[in-house]
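Visitor: Could you take me through the enclosed spaces inside this protein, and then the packing around them? I would like a close look, with the cut-offs spelled out.

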Amino acid sequence: MTPPDPSATTGLRPAPTAGRRRVAVAGALIAAFGGFASFNLTLSALPAYAVRSGAGPSGAGALTATLMAATLVVQPATPWLFARLGRRHSLALSGALFGLPCLLLPTVSALWALTALAAVRGLGFGVFVVAGVTFTAELFPPGARGRAIGWYGAVGGAAGVLGAPAGIALARERAYPLVFTLAALTAALVVAGAFGFPRTATPAPAATPGSGHRGSPRATGRALRPMTGPLLVEAASTMAYGVVFTFLPLTAPAAPGALLAAQLSLVPSRLGAGWLVDRYGGRRVLAPAVLVTALGTAAGAASHRPALLLAGAALFGAGFGAIQSATLVLALHAAGDHPAGLGLAGVAWNVAFDGGTGVGSLLGGPLLSLGGPPALFPVTAAVLAVFLPFSLRSARQPEGGKSDAPPGG
């Protein structure tokens, strides 16, 4: 994935050579694989570990919710962190915070201790996810950004193809120390990938002509307003993601195969949706993606019908992957093509992602206890479908066009 020369919009100091940009892109993809592999290894295994320790479904959901809450707390501070530490050190710090607690997980079983370690990991994950989308977006011009985000998402999806089913399968064998060791090792790839980026710090958010003071709450609110539609759809879709990946392993014997099907369909969906967004615009991709995701979520109720469950999971992965590419590119376009705007869009989109995942994980536990899978998954699908109108009124995006140098080239 070789980017064209985007020196006017990357915010790098000094502007890197083409070779240096290739190294930065490679580092971003290595970090993406490691971070999302670590995340997916523990997303389902850690709740199962908590249930085995006596926490129950609500306690299991609270662990994922805690990780997401810590992620949300740190994300607004990431632009400041990037300006102070630079890309390389910020990304390396995120990998350390995300990976090192995994080495302690096998030594504790009390819910409070598991929750504390989940919170530390959440801080690292919060920095990691904002850095990934922001730094990748800075390397590409708007006409190629959909495909760039598609490649980044596809690598993260490939990490999920390996991580999520492996985490579930090892947890069912009660090989929790191995799961947590693998999660620590894959998080170390984030630190390794960080060294692909330059040492220099990102420029501090600055005012641009006609934008006012970017740091004021009023100006931030004005900048966020055009992103509202994509961000609401993103939050609703990740609420479904939190429900599916946290609770399907607790309700369906065929969950490992179903989550593998979801991850396998997500990878080409991210790539294909990125190309479609660049060519036709995000709004034309988003509405059908929401419908497909809702159908796939509802299929989670078929916990003892493996064929239907696998088909629904594949639909979920395809729709969810397309939503991720479309909403992120729409938010980036709405923010404007400058470092401060891209940084704000990266933070806002990740807050929507992690907030939705946390809400789904937190509220899904009590709903599962009350009504079981026939209540949990269809209700979640219905909530997602309610947000369909927002996908039709998404932020305006410039018409997609051909890029001189596609991300895959």
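Guide: Gladly. The second largest cavity has a volume of about 90 Å³. This is a predicted model, in which local features need pLDDT of at least 70 and side-chain atom pairs count only at pLDDT 80 or more, while totals for chains, interfaces and linings use all residues. Residues are numbered from 1 along each chain as its sequence is written, and side-chain values use heavy atoms, with hydrogens and water left out.

A cavity here is a set of points, on a 1 Å grid over the protein atoms alone, where a 1.4 Å probe fits but cannot get out; lining residues have an atom within 4 Å of a point. Points are joined across faces, edges and corners, and the volume is the space filled by probe spheres set on them.

Around the second largest cavity, the lining includes Phe 39, Leu 43, Leu 63, Met 68 and Arg 121. Helix 2, helix 3 (56-74) and helix 5 each give two or more residues to this lining, and helix 2 has the largest share, with 5 residues. Helices are DSSP runs (H or I, at least four residues), numbered from the N terminus. By class, the lining has 8 nonpolar, 2 polar and 1 charged residues; Ala, Val, Leu, Ile, Met, Phe, Trp, Tyr, Cys and Pro count as nonpolar, Asp, Glu, Lys and Arg as charged, and the others, Gly among them, as polar.

In total there are 5 cavities of 30 Å³ or more, and the largest holds about 310 Å³ of space. Its lining has 21 residues, with Phe 36, Gly 153, Gly 156, Arg 270 and Phe 353 nearest the centre. Of the residues lining the largest cavity, 12 are nonpolar, 7 polar and 2 charged. Domain 1 (18-197) and domain 2 (220-396) each supply at least three of them; these bounds come from an automatic or database domain assignment.

Now for the packing. The largest nonpolar core has 91 residues, and Phe 125, Phe 128, Phe 245 and Leu 248 have the most contacts inside it. Such a core is a set of buried Ala, Val, Leu, Ile, Met, Phe, Trp, Tyr and Cys residues joined through side-chain atoms within 4.5 Å, where buried means under 20% relative accessible area (1.4 Å probe, protein chains only). Helix 12 (residues 306-335) gives the most to this core, 13 residues. Both domains contribute residues, so the core lies between them.

Terms used:
Buried means under 20% relative accessible area, exposed over 50%, partly exposed in between (1.4 Å probe, protein chains only). On a 1 Å grid over the protein atoms alone, a cavity is a set of points where a 1.4 Å probe fits but cannot get out, and a pocket is an open set with protein on both sides within 12 Å along at least five of seven lines; lining residues have an atom within 4 Å of a point.
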